[in-house]
Amino acid sequence: MKILAIESSCDETSVAVVEDRTVLSNIVSTQVEEHKIYGGVVPEIASRRHTEAISAVCDEALKTAGIGYSDIDAVAVTFAPGLIGALLVGVNFAKGLSMSLGVPLIPVHHLRSHIAANYLAHPDLKPPFLCLLVSGGNTVIAKVSDYTKFEIIGQTRDDAAGECFDKVARQMGLAYPGGVTLDKIATVADHKKYPLPHPKVSGGEFDFSFSGLKTAVINLVHNAKQKNEEIDVPVLCATVRERVCDLLIKNTMAAAEETGFTTIAVAGGVSANSELRRRLDEECKNKGYSLYYPPLKYCGDNAAMVGAQALHEYLDGNLGDTSLNATATLPINYR
Ligand code: KG4
């Protein structure tokens, strides 16, 4: 079944053609350079750029896959969660396309597709497994009991891990998206130089909190500026990265221990973090767990992962029609 998948939830316009777990094409047009000058995504600009790009990106995806519109068996689209104006561009384009081609419309939840990015690279990966989902807007530990059945057992009480990385990076004057830059320039953590707090949460065994760490770094940088003191940016980056990874890894391993899952997947933009991968690899090897994460090209937003999840939504009968609307916030277990 050839699915044409569309993703426009934030600042990437992407269209892919996916047949089961095989990616025939995956075109990503990123707006990152444009948002860089503002230090973050400007929603209105994002929506406009999606509108301008989507037809050409779609044509390119079909051309690269070597097929025409008449070869498409279904159209899938990210409908939630995300920037509402950005999502609406993809949703309306997908509705028009499915109607004109007379093929099913498959609404896909953005976080489910991040998890499905793993299916593209790991044909052996099947639910049930435990997933650490870490992105710019979400930090969640979920039981994936089936392809369309999820149970959240831990989540952030405030900032997402990616948001924390991005905001402290911006304070240090690093280029957007900050998490990527922070990871690249981080050297070795030094807790004597930068005694940052250990993020912790009371109650909610596997929950996260990153706002205290974020505020501590912002205050530290402000104070240094006021006193005209130099910040050792690579060391501070490494110290922040270590603190964030400490909590992500501690909760994931504790959740695995308690639930009995021995297969763990990581997903979302922050799953590209080099320290998180290195340390989780080590921890899982020690415990004898199987660990999966997507290849770097499928960690950020892309339509191939939407196509991968869409097949399972289709098989489960989760279809949309012309009344489909975009939704800015929606939990992963919405149905
Ligand atoms: O999943 P994603 O592409 O978009 C959302 O749906 O949120 O995630 C983007 C987030 C940003 O916060 C970005 O800074 C972060 O992922 N990110 C990283 C790395 N690569 C991307 N954070 C830390 N280390 C990285 N290597």
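In the predicted model, 18 residues of domain 1 are in contact with 19 residues of domain 2. The domain assignment places residues 2–115 and 298–315 of the protein chain in domain 1, and residues 127–294 in domain 2. Domain 1 is thus assigned as two segments of the chain, 2–115 and 298–315. The C-alpha centres of the two domains are 27 Å apart. About 1,500 Å² is buried between domain 1 and domain 2, and carbon and sulfur atoms contribute 71% of this area. On the side of domain 1, the residues that lose the most area to domain 2 are L111, I115 and C299, which together account for 39% of what that side buries.

Polar interactions between the domains were examined next. No salt bridges are found across the interface of domain 1 and domain 2. Five residue pairs, with both members at pLDDT 80 or more, are in polar contact across this interface. Three helices each supply at least two residues of the side of domain 1 that touches domain 2: helix 1 (residues 32–36), helix 4 (residues 110–121) and helix 10 (residues 303–315). Of these contributions, the largest share comes from helix 4, with four residues. Sorted by class, the side of domain 1 that touches domain 2 consists of seven nonpolar, six polar and five charged residues.

The ligand is surrounded by 18 residues, of which G136, D166, D183, G269 and N273 are the closest. Polar backbone atoms of three glycines are also placed within reach of ligand oxygen atoms under the 3.5 Å cut-off for a polar contact. For G179, the distance from a polar backbone atom to an oxygen atom of the ligand is 3.2 Å. The corresponding distance for G162 is 3.3 Å, and that for G137 is 3.4 Å.

In total, 18 salt bridges are counted in the model. One salt bridge links E33 and K36, whose closest N and O atoms are 3.0 Å apart. Both residues belong to helix 1, and because they are three residues apart, about one helical turn separates E33 from K36. Helix 1 is also among the helices that supply at least two residues to the side of domain 1 touching domain 2.

Several backbone features were noted in loops. The peptide bond from A80 to P81 is cis, with omega near -20 degrees. P81 is located in the loop that runs between strand 4 (residues 74–80) and helix 3 (residues 84–101). Another cis peptide bond joins Y176 to P177, with omega at about -5 degrees. The loop that holds P177 lies between helix 5 (residues 161–171) and helix 6 (residues 178–185). D20, although not a glycine, has a positive phi of about 55 degrees. This residue, D20, is found in the loop between strand 2 (residues 12–19) and strand 3 (residues 22–30).

Terms used: Residues numbered from 1 in each chain as written. Predicted model: local features only at pLDDT ≥ 70, side-chain atom pairs only at ≥ 80, totals over all residues. Heavy atoms only, no water. Domains from an automatic or database assignment. Contact = heavy atoms within 4.5 Å. Buried area = accessible area lost by both parts, 1.4 Å probe. Salt bridge = Lys/Arg side-chain N within 4 Å of Asp/Glu carboxyl O. Polar contact = N/O pair within 3.5 Å; in protein donor to acceptor, adjacent residues only side chain to side chain. Nonpolar A, V, L, I, M, F, W, Y, C, P; charged D, E, K, R; others polar. Near = heavy atom within 4 Å.
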